[in-house]
Amino acid sequence: KKNRELDASRVLAESQQVLLAEKAKNAMLIASLERALARREILGAVPVPPVLFQMENDFITGTKQRLKQSEHAIMRANRGVEKALRAYLHARRQTRTIEIMRERAHAEYRRESTKQENKKLDELYITRFRLSKEELI
């Protein structure tokens, strides 16, 4: 059961890393889009061939599409993290339940062991008392 918890923890860490990587990729795309928009503004201020303006527009359009894909990837990664977290919490609860059951069984064993030991001691005391009583007679 402990291995399940460790495996679930490992999967959770991996899914969190995927999420962080997707968020970093998204941030890079946003920065790239902002730079491209600024470049396009500069292109509009001075006379340039239409091909350059069209290339910049195509780049901006492609970057916007990649941003949408990145946002979908972030949503998938978020779902992966949530699923991994649920699996980890479930494994953790199972491990804790087993630990509690083991602790209870051990406590019951100690109680029974103490009870048996006390019973044997009582029998020993009774036997000694009877023997000492017989010696007195």
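## A two-helix model

This protein has two helices and zero strands (helices are DSSP runs of H or I with at least four residues, strands are E runs of at least two, both numbered from the N terminus). Its radius of gyration is 36 Å, well over the 14 Å that the globule rule gives for 137 residues, so the protein is more spread out than a compact globule (the radius is taken over C-alpha atoms, and the rule is 2.2 Å times the number of residues to the power 0.38). Along its principal axes, the C-alpha trace spans about 130 × 20 × 15 Å.

A word on the ground rules: this is a predicted model, where local features need pLDDT of at least 70, side-chain atom pairs count only at pLDDT 80 or more, and totals for chains, interfaces and linings use all residues. Residues are numbered from 1 along each chain as its sequence is written, and side-chain values use heavy atoms, leaving out hydrogens and water.

Of the 137 residues, 20% count as buried (under 20% relative accessible area; exposed is over 50%, partly exposed is in between, with a 1.4 Å probe and protein chains only). In helix 1, the buried residues include Leu12, Leu19, Glu22, Asn26 and Leu29.

Here are two residues to look up:

| Residue | Relative accessibility | State |
|---|---|---|
| Met55 | 54% | exposed |
| Ser70 | 2% | buried |

Met55 lies in helix 2, residues 50-136, and Ser70 has its place in helix 2 too. Leaving aside neighbours within four places in sequence, Ser70 is in contact (heavy atoms within 4.5 Å) with Glu22, Lys25, Asn26 and Leu29.
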